[in-house]
Amino acid sequence: MFKNHLKIAWRSIKKEKLFTSIKIGGFAVGIAACLLIALFIKDELGYDKHYQNTDHIYRVVLQGEMNGEQMKSVHFQLPFADALASDFPEIKKAGKVNTSELFGAGKRGLRVAGESQNNFEDGFVFGNQELFEILEINLIQGNNTSALTEPGSLVLSKSKAATYFPNGDALGKSIILDNNTAKPYTVSGVMEDLPANTHLQFDFILPIEDTNMCWTNQNYFTYVLVDDKANVQELEKKMFSIIENYVIPAQMERGRAPDFIEVLKTIEYKLQPIGDIHLKSDLKMGDGLPHGDIRFVWLFAAIAGFILVLACINFINLSTAKSANRAKEVGLRKTIGAFKSNLVAQFLTESVLYSILSFVLGVVLAWLLLPSFNTIAMKSVSMPWQSFWFFLIIIISALSIGFIAGLYPAFYLSAFKPIAVLKGDLSTGSKSGRLRSGLVIFQFTTSVILIIGTLIIYKQMNFIVHKELGYNKEQVVIIEGSTILGNKSASFKNQLLQLPMVQQVTTSDYLPIEGTKRNGNTFRKSDEGNEERGIPTQIWRVDYDYIQTLGMQLAKGRDFSDEFASDSIHSIIINEKMASILGYANPIGKQISNGRDWTIVGVVSDFHFKSLKEDITPLALVIGTDIGAISVKLKDGEIDKALTAIGSIWAKNVPNQTFNYTFLDQKFAQMHADIKRMGKIFNSFALFAVMVACLGLFALSAFMVEQRKKEISIRLVLGAPFKSIYKLLTLNFLKLIGISILIATPIGWYVMSRWLEDFAYRITIGWEVFVGAGVIALFIAIITISYQSIGAALMKPLKSLRTE
């Protein structure tokens, strides 16, 4: 019997080639989209799940309230980890790591001792031996228990060892960093490359040589391995003793005000599971690491579900719409004795066969699209061909989805009464039906919501790109790794200024883009001493040409000038945000202190130095020496010519050293790359959903025309104009699309308003977005329907009537 069902199903598929293609194609597109989303979600949820002790590894988070604002931070004092390990038996190990460029982490020049060529490498961090053990870092060369115990040692990744020591023997070799031959580093270990889906990425790890054991400077991430029998909530409460026993006494020794001490008493420590760091980190004081967003994961999961539902709806719509075509078959089979159960089994077999073919095509399509998807998502996911579970899931999904999607059509078609069918009473089987109308509305409601999302994401990204930032990011070249110039930096700067295509030059590694140096400090009014709560502030060391080179504007006072000897000693320029918090009507000439007194000589207009998701915060500029990066403002003209000239000057000053540069506008774009990336993924899957919905609409309109051929032919014979026939076939569909737009508009507004709340600086959602989405949906629907409608209006009526 099953073999017979299979034969009839195959004949049915071959008979209706167009609609078979639409059924299978629509299903396959939906399956491919779902599979790509599933691979993306699996990768995102798989971050930091590879450790044997995943459930017992935590990162410490500090949270509290300061100056009326909620604060979260993962930066702790150097002795903090040691105190945790010694004071709490529940903590088996406590590791610390410093990723700040301020202390030499991040990017550095590197060369093997005895060679002259320096390479600019990223991925340097400082860590202790316990960090190795907590993060289960495996050494393929060296001793796992002592690789970072000696000063001047260095552990590098397997891939970097292969680059610099191609003979495979790196252990004991000397490496020079930043051309500092007086302090060579010795390779003490080679570690396996870290997995791509771990939140903390590095290729080089140096031992912590910082000896400042004070409890007032916070620069280190702290990771702990907790005993599996420990109560984490109770441990978090007990950890407050760190504040009481170490932090408060240290701050009181510095003479901090009583109200500041009271603030410290409100602080609490939380233990964040390492598996939550990538997707669930909401840090007001960021960790500088790339993160995902759990909300995007659930959003994409919802989109995958919707796409799959849309594909199933297409199947149901197409199956019930062609009921008149199958009615005589059902009537004849019932007349000769077929039971309803036989017919249900027949139609379910067809449904499952469609599903299997669709899954095969969908998997192939996903495999073909995966390289493009990886490029858009900046991932390296692959099809798990070698995993048994993958094929098991595909087989179970194909059978179950085929069965579920075929249930309604099977019972609907098998319920036809043979006498009524053979009398021809089911000729209107595809012309109406509240269920089909409802399903079309659902499809296009989903599609319109996704179109609204796509338009708002585009507008927000466009807003970010064109927003006034408070500085000019155009035509600015950033020369990286310029510490290698050493005492030649001033001469190099003067040589650049001699080039006709160079407008300004500044030397500072503190730039208004993420990934450059940051230095947090606390300021207060000098005349109030320690009686006032401090203002958390970024303090940047810059040179005299910084403000002019980056096109910043002074709101009050003056710029730094080498004509004032005091500028290099105690002059400071603050931003408007800091001036506002200080409460000075005119801050010029006023003094503020961070343990050292500074005189305010200028107020720079607020400029963005973080992502536009975050508010502008207090910032201060002081004159200092920091040659980690040199920014060159170019005149409008030939950039290539300017770069060639700058590279030539670089080569003369530091022969055999790589000339590394980037552009300020590119670095700004990288700050928002995650948003842009998620937007592209969202847009891609929105396109998938609209495509599936259009396939369904196309098929339904085709069946509508097929079932109304006789009526259309009679109307044409009686003189009905083209316009009348076209309106007859499209108006009902357009009404359904209109209803979809009305339903989708408030839902789309609510969902995207919530998304925009993440941005401190965002667009206002205007009526034009919803009008635009509606017009796009109507245009897509009209194009989809018109192919069949125009063909029907132009057909020869006599030929159609002759075949009826």
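This is a short tour of a predicted model, stop by stop, with what to select and what you'll find there.

**Stop 1: helix H18**

Select residues 639-653, which make up helix H18. Its 15 residues reach 21 Å from the first C-alpha to the last, close to the 21 Å expected at 1.5 Å a residue. Now colour Ala642, Leu643, Ala645, Ile646, Gly647, Ile649, Trp650 and Asn653: these residues of H18 are buried. The spacing is worth a look, because residues three or four places apart in an α-helix point the same way. What lies on top of them? The cover over the buried residues of H18 includes strand S13 (476-480), helix H15 (489-497), strand S22 (629-634) and strand S23 (660-663).

**Stop 2: the sheet by H18**

Keep S13, S22 and S23 on screen and add S14 (502-507). These four strands form an open sheet with antiparallel pairing, in the order S14-S22-S13-S23. S14 and S23 stand at the edges with a single partner strand each, so one side of each has no neighbour in the sheet. From one strand to the next, the twist averages 25°.

Next, zoom in on S13 and S22, an antiparallel pair with five bridges. For a handle on the register, pick Ile478 and look across to Ser631 in S22, its bridge partner. Then bring in helix H19 (residues 664-671), which packs on the sheet and touches S13 and S23. The direction of H19 makes about 70° with that of S23.

**Stop 3: Ser611**

Jump to the loop between strand S20 (597-604) and strand S21 (619-623), where you'll find Ser611. Is Ser611 buried or exposed? Ser611 is buried, as its relative accessible area is 7%. Show its surroundings: leaving aside residues up to four places away in sequence, Ser611 touches Glu514, Met671 and His672.

**Stop 4: aromatic rings**

The model has 25 aromatic pairs. Start with Trp389 and Phe390, an edge-to-face pair at 6.3 Å centre to centre with 90° between the planes. Phe390 also pairs edge-to-face with Phe391, at 5.4 Å and 75°. Try a colouring by accessibility here: Phe390 is buried, with a relative accessible area of 4%. Trp389 counts as partly exposed at 37%, and Phe391 counts as partly exposed at 39%.

For a bigger selection, take Phe40, Phe296, Phe300, Phe373 and Phe685, which form one aromatic cluster.

While you have rings displayed, go to Tyr584. Which lysines lie over its face? Lys525 does, at 4.8 Å from the ring centre, and Lys590 does too, at 5.4 Å.

**Stop 5: strand S10**

Finish with residues 204-207, strand S10. In a regular strand the side chains alternate between the two faces of the sheet. Turn on the side chains in S10: Phe204 and Leu206 point one way, Ile205 and Pro207 the other way, and all are buried.

Now add strand S5 (residues 119-127), which runs parallel to S10 and is joined to it by four bridges. Phe126 has Leu206 as its bridge partner in S10. Strand S7 (residues 153-157) pairs with S10 in the antiparallel sense, over two bridges. To see that pairing, pick Val155, whose bridge partner in S10 is Ile205.

Notes
Residues numbered from 1 in each chain as written. Predicted model: local features only at pLDDT ≥ 70, side-chain atom pairs only at ≥ 80, totals over all residues. Heavy atoms only, no water. Expected span 1.5 Å × (residues − 1). Buried < 20%, exposed > 50% of the residue type's maximum accessible area, 1.4 Å probe, protein only. Contact = heavy atoms within 4.5 Å. Pairing = 2+ DSSP bridges. Axes fitted to C-alpha atoms, helices over the stretch in contact; angles between N-to-C directions. Phe/Tyr/Trp six-rings, centres within 6.5 Å; stacked < 30°, edge-to-face > 60°. Lys NZ or Arg CZ within 6 Å of the ring centre and 35° of its normal.
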